[in-house]
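User: I'm new to this one and would like to learn how to read it. Can you walk me through it feature by feature?

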Amino acid sequence: MEENGELNETNYEDQPIEEGSVTDDSQDALTKVTGMYKDWFLDYASYVILERAVPAIEDGFKPVQRRILHSLKELDDGRYNKVANVVGHTMQYHPHGDASIADAMVQIGQKDLLIDTQGNWGNILTGDRAAASRYIEARLSKFALEVVFSPKITEWQLSYDGRKKEPVNLPVKFPLLLAQGAEGIAVGLSTKVLPHNFKELIDASIKHLKGQRFKLFPDFPTAGIIDVSNYNDGMRGGKIRVRAKISQKDKNTLVISEIPFGTNTSSLIDSILKANDKGKIKIKKIEDNTAAEVEILVHLPGGISPDKTIDALYAFTSCESSISPLSCIIEDNKPLFIGVSEMLRQSTDLTVDLLKAELKIQLSELEEQWHFASLERIFIENRIYRDIEEEETWEGVISAIDKGLKPHTKHLKRAVTEEDIVRLTEIRIKRISKFDIDKAQQHLDSLEQKIAEVKDHLEHLIEFAIDYFKNLKTKYGKGRERKSEIRIFDDIEATKVVIRNTKLYVNREEGFVGTSLRRDEYVTDCSDIDDIIVFTKDGKAMVTKVDAKTFVGKNIIHVAVFKKKDKRTTYNMIYKDGRGGATYIKRFNITSVTRDRLYDFTAGKPNSLVYYFSANPNGEAEVVTINLRQVGSIKKLKWDIDFADVLIKGRASKGNIVTKYSVKRIELKEKGVSTLKPRKIWFDDVVRRLNVDGRGELLGEFRGDDLLLVVDQKGVAKTIIPTMTSRFDDNMIVLEKWNPKKPLSAIYWEGSKERFYVKRFLIEQGNREDLFISEHPKSYLELVSTDWRPVVELEYPKPRGKEAKPNLTIDIEDFIAIKGIKALGNQLTSEKVKNINILDPLPYEEPEVQEANEIEVVDEEDVSIETTKAPKGKAGKADDPANDEEGQITLF
């Protein structure tokens, strides 16, 4: 082994030493495991992939599932079997423990497709486990018996111990893998095929057979709302977002009625409680009333917004989750990654092949029946059985019958064999004596009709397959409608919906901000995921994360929670440009910054100083008074500046010069109003949210105090502040900008009087909710209109044997005056009404509203200098206001 004192560099990987081999010199046994590791690991990985974790494309089953179904078929007698018995029977085929078989069987049973269950099989909604296998029973469903089994076309193999035969693959004539879904973790790969809707799979199979395009999206047994925009056909890289269905029961109660796939009510409630403990959301208590259907009541404390809480539940709890599909299947004993569309195509094509094989076997059996029925008729009708009376040997009997048949067998479809003749000799004399020629002919005609029908199916195989799928949908599709609602989700910004669970404090002089400085000045409530923006006296600012204590810089002049991409918050600032420098005025927005980076909002000279600063959430522009020091021959020491005359520019802009002289102080003279354009707001019906991005229907231009009018089908009218986090139920029928002077017209059925009533009213107060129909349980809203002068048409039913009364047109403005919102209204009619139709309103000219002066925000950083009053001198130069007798201010 050693040569010249050094180890010999023999490559043992190229020359593996077998177990038990011994070196000549040391006689020590060296077993090289490299080769064995490679072989054994590959064998193990292949076994787990092929025999445990990944389903086959042919039938959609993993081996354990296939063996369970085969065992159920062997035990099937129409009655229920104890699951423990089925598990024991399956162990003849499956070389693993009973626990894994029982768990796999429970999973199949919970999918409610192949197994008809009895007893406590657990609950996928609550996460409760099934009872022990000795207490629950199962049998094959009618669907499984029709779709999964066909012994005549099944390929068989020996079981693991060679004692039994089991199917290689079951002849499943349905895209079962996509209907049930599959999930498994193997060695080096995994699979996650999501379940799809039963009816949609059948429709997609039919479309494929017709050569049409189709799309498949998951459908989960737990229902919920899903966003499939990034499904990617179920392949790697795709993602599905799943949300619970949450609605508002009343102003202090939310109801969760559907949960995301992959969760249960217990885990969902735990996640909500954890979020509450961390201060992300604020709830009072939770009630779980789930039984056959999910019902989780989330009670909110007073003053907490239900809309905001719903968004927070999606942002911080398991009420929203992401699922990443990974479609991997076994084909030809190899793992293959394909999309769900290709899976359905292959499954449908395989179904066609299986139907063809079954038809061919059926045709062969029918032709065989026809052949023997024809022989039997010839044998009895021509009394060939008498020819064997003289024969003494078996060969003579066979020969005599063969000779007697020959004159009559020309119409047969195949030659007569010895086996056919032997079957003829086995006919009983009782059958011969009762033989009816007419019935025999009817039987032959029936067989010929069936043969022709089967041949027609084979010639029109695709049409036959389409009819097969349609038949499955008719027989088994009832109650299998889509459960998961498909929507496009809006993105929820966590910082906008998180509960402000802590308080922010500031030590202005020392330059510290944080949540632990309770002895210092209180600033605002905030959350632990917020960013805050801090301005200091030297004109510098920083955005940093909320923390217990953070040093930003001494002499803090402004602290607030920072809103990213906020184009409406406008900062007004007047500062001195360095020691002895001129004074400048500027207005700017801060939409995005790098966290913990110090920004300078002055011109950048040392010893710059901020004289005046204000942060305005809606672009307000105040009027300030400039006071100069008495130095030299300054003629004017005091004048006013209106920030509304200053354009909003980029944060790096130097600003416009105010004066070159020394400023004594700056005073606020008059608070300002917003100088921003009214904000256009749209409603996106797809996600049922407001937005400012131009998606959906334009609701109007909104100023700071404008409200939205919302009317729902229950007869409730409310006015709300238009926030991007507002949620709108499906029963909403009116959504528009609220005009306090514009009346609402409503026609409703008054339950106690059993008559239609009409009323006109104004929403008298903003930010409140009112029921404008009667509270009787049988009262309901028929229609509501926000037109100034609405017109309706009454359509009467046709009496028996008479002509219908002509339709009546009613001008509601003329019919009833404006009354209070709680007024009963006037009876519309005392007669029965078939329909109430709303017609085009009468013309009305709305009074013109004087628009305030508007200033648009300038986004460009390098905007050119503009002036509100053009100077007479050269561009970029003007006299200082201190030297101007009229006090004219020139802004650059």
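User: Let's start inside. Which residues in α9 are buried?

Analyst: Keep in mind that this is a predicted model. A residue counts as buried when its relative accessible area is under 20%. In α9, that applies to Pro306, Asp307, Thr309, Ile310, Asp311, Ala312, Leu313, Tyr314 and Phe316. The helix covers residues 306-316, and since nine of its 11 residues are buried, it is largely enclosed by the rest of the structure.

User: How many residues of the whole protein are buried, as a percentage?

Analyst: Buried residues account for 45% of the 892 in the protein.

User: And what about the overall build? What helices and strands does the protein have, and what is its radius of gyration?

Analyst: There are 17 helices and 50 strands. For the radius of gyration, the trick is to hold it up against a compact globule: with 892 residues, such a globule would come out near 29 Å, but this protein has 42 Å. You can also picture a box along the principal axes; the C-alpha atoms fill one of roughly 155 × 125 × 55 Å.

User: How far apart are the C-alpha atoms of Glu764 and Phe464?

Analyst: They are separated by 67 Å, with their positions 300 residues apart along the chain. Glu764 sits in the loop between β43 (755-761) and β44 (769-771). Its relative accessibility is 60%, so Glu764 counts as exposed, the cut-off being over 50%.

User: Now the backbone. What should I look for in phi?

Analyst: Most residues other than glycine have a negative phi, so a positive one deserves a second look. Asp112 gives you a case: its phi is near 55 degrees. You'll find Asp112 in the loop between α4 (98-110) and β4 (115-118), and it is exposed, at 51% relative accessible area.

Another one is Lys565, with a positive phi of about 60 degrees. Lys565 lies in the loop between β26 (556-562) and β27 (570-576).

User: Is Lys565 buried or exposed?

Analyst: Exposed: Lys565 has a relative accessibility of 65%.

User: Last one: charge on the surface. Which residues form the negative surface patch?

Analyst: Asp and Glu are the ones that count as negative. Here the patch is made by Asp387, Glu389, Glu390, Glu391 and Glu392. Take Glu391 as a sample: it belongs to the loop between α10 (340-381) and α11 (394-405). Glu391 has a relative accessible area of 35%, so it is partly exposed, and patch residues need over 30%.

How values were computed:
Residues are numbered from 1 along each chain as its sequence is written. This is a predicted model: local features need pLDDT of at least 70, side-chain atom pairs count only at pLDDT 80 or more; totals for chains, interfaces and linings use all residues. Side-chain values use heavy atoms; hydrogens and water are left out. Patches are made of residues with over 30% relative accessible area and no salt bridge: like charges are joined within 9 Å, nonpolar side chains (Val, Leu, Ile, Met, Phe, Trp, Tyr) within 5 Å. Accessible areas come from the Shrake-Rupley method with a 1.4 Å probe; for residues, only the protein chains shown count as cover. A salt bridge is a side-chain nitrogen of Lys or Arg within 4 Å of a carboxyl oxygen of Asp or Glu. The place of a charge is taken as NZ of Lys, CZ of Arg, CG of Asp or CD of Glu. Helices (H or I, at least four residues) and strands (E, at least two) are DSSP runs, numbered from the N terminus. Buried means under 20% relative accessible area, exposed over 50%, partly exposed in between (1.4 Å probe, protein chains only). The radius of gyration is taken over C-alpha atoms; the globule rule is 2.2 Å times the number of residues to the power 0.38.
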